[in-house]
Amino acid sequence: MAGRMLGYTWIQWLFFFFFYSFFGWCFESTYVSLHEKRFVNRGFIRGPFLPLYGTGALMMLIVSMPFQDNLILTYVAGCVGATVLEYITGVLMETLFKVRYWDYSHKKFNFQGQICLESSLAWGFLTILMTRMIHKPIEAFALWLPSSVLTGVTMVVTVIFAADFALSFKAALDLRDVLVRMEQAKDELEKMQRRLDVILAVSEENWENRKKEWNQSVESTRAGFVQRRDELVSGIEKRFERAKELLPSGRLNVNREELFDLRSKFGVNLQRPELASFLKDFTKRDMLRGNPSMVSKKFSEALEELKKSAVEYKKREKK
């Protein structure tokens, strides 16, 4: 007979994890789909599972076991246990993927946007609901199923879940990498524009005006990443045109090789291979669609552009 932990075998615990992960997916996907007015496959992985709900459910069962006869302590244990789990999970995911999959920054009494009082209080009520009502028929069903059937079904789901999780984990790492590269590409454009400003300003003996112009531009164009990139591209193209006009006169105080090198780098930057590669992958695009509230503190502008690009890419596919 399989070993038991807190009254259940490890197969039964695994079954509960998958069941509540599926239950959480149904709940969140329905809620978000109604809010977005379209079907949203909610969650980190592509299959119908939300592991945070499964882990949270198991945590609620474990922390409430010593207080089964005390409603208040069950509530408090659920509040504390679920909040700690949500915070640790959120911090680890953001540290690893540079993206926050849920964000409470807009809520009152939040901490770092990872947890908030409203959510913590709700976790407590959910713990009571779970231990006193929801779990009882699920437990009865798991105990009723023949051990061989429960083990077989759970093992098959485990293999499918593990494969899905591995693919989703890689997609999340790819998302992180593309955000980093997009930010680097934007930085390269800004450096390129500054270098062209210096070249043109010295050549046109108008350095002070150019410097003032640049400083004002930096301060006034941080409203959006897409707009800023478009402005950078447009501005750099105009600077190249002006440099081309100055070349024959000999007034351009720079060697042609540097100018051609800048032009070549600009062309590569415009191709945006990192963005095109990401958008071609359905799994990666679906990750963005399945997490419409996804935010990133460090790469917020790049993430917003990526989301808009994914929507535009899908529209082009439908045509």
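## A tour from the core outward

Start in the middle of this predicted model: the largest nonpolar core has 50 residues, and those touching the most other members are Phe 16, Tyr 101, Leu 175, Leu 179, Leu 288, Met 294 and Leu 306. Select those seven as sticks and leave the rest as cartoon.

Now colour by element. Two or more core residues come from each of H1 (10–36), H2 (51–64), H3, H4 (117–144), H5 (147–204), H9 (273–280), H10 (282–289) and H11 (300–318). Which helix gives the most to this core? That's H5, with eight residues.

**Next stop: the rings**

Keep Phe 16 on screen and add Tyr 8, Trp 13, Phe 15, Phe 19, Tyr 20, Phe 141 and Trp 144; together with Phe 16, they make up one aromatic cluster. Across the whole structure there are 22 aromatic pairs.

For one of these pairs, jump to Phe 240 and Phe 266: the ring centres are 5.6 Å apart and the planes meet at 45 degrees, so the pair counts as tilted, falling between the 30 and 60 degree cut-offs. Phe 240 belongs to helix H7 (residues 225–246) and Phe 266 to helix H8 (residues 256–271), so this contact ties together parts that are 26 residues apart in sequence. Are these two rings buried or exposed? Both Phe 240 and Phe 266 are buried.

Don't leave Phe 240 yet. Show Arg 263 as well: its charged end sits over the Phe 240 ring, 4.8 Å from the ring centre.

**Out to the surface**

Switch on a surface and pick Ile 72, Val 76, Val 80, Val 84, Ile 88 and Leu 92, which make a nonpolar patch of about 550 Å². Ile 72 is in helix H3 (residues 71–97). With a relative accessible area of 62%, Ile 72 passes the 50% cut-off and so counts as exposed.

**Last stop: two backbone oddities**

Most residues other than glycine have a negative phi. Go to the loop between H3 and strand E3 (110–111) and select Lys 98. Phi of Lys 98 is near 65 degrees, a positive value in a residue that isn't glycine. Lys 98 is partly exposed, at 35% relative accessible area.

Stay in the loop between H3 and E3 and pick Phe 109. What is the phi of Phe 109? About 55 degrees, so a check of the sign gives a positive value here too, although Phe 109 is not a glycine. Its ring isn't tucked away under the cut-offs used: at 67% relative accessibility, Phe 109 counts as exposed.

Definitions and conventions: Residues are numbered from 1 along each chain as its sequence is written. This is a predicted model: local features need pLDDT of at least 70, side-chain atom pairs count only at pLDDT 80 or more; totals for chains, interfaces and linings use all residues. Side-chain values use heavy atoms; hydrogens and water are left out. Rings of Phe, Tyr and Trp (its six-membered ring) pair if their centres lie within 6.5 Å; planes under 30 degrees apart count as stacked, over 60 as edge-to-face and the rest as tilted. Helices (H or I, at least four residues) and strands (E, at least two) are DSSP runs, numbered from the N terminus. Buried means under 20% relative accessible area, exposed over 50%, partly exposed in between (1.4 Å probe, protein chains only). A charge sits over a ring if NZ of Lys or CZ of Arg is within 6 Å of the ring centre and within 35 degrees of the ring normal. Patches are made of residues with over 30% relative accessible area and no salt bridge: like charges are joined within 9 Å, nonpolar side chains (Val, Leu, Ile, Met, Phe, Trp, Tyr) within 5 Å. Accessible areas come from the Shrake-Rupley method with a 1.4 Å probe; for residues, only the protein chains shown count as cover. A salt bridge is a side-chain nitrogen of Lys or Arg within 4 Å of a carboxyl oxygen of Asp or Glu. A nonpolar core is a set of buried Ala, Val, Leu, Ile, Met, Phe, Trp, Tyr and Cys residues joined through side-chain atoms within 4.5 Å.
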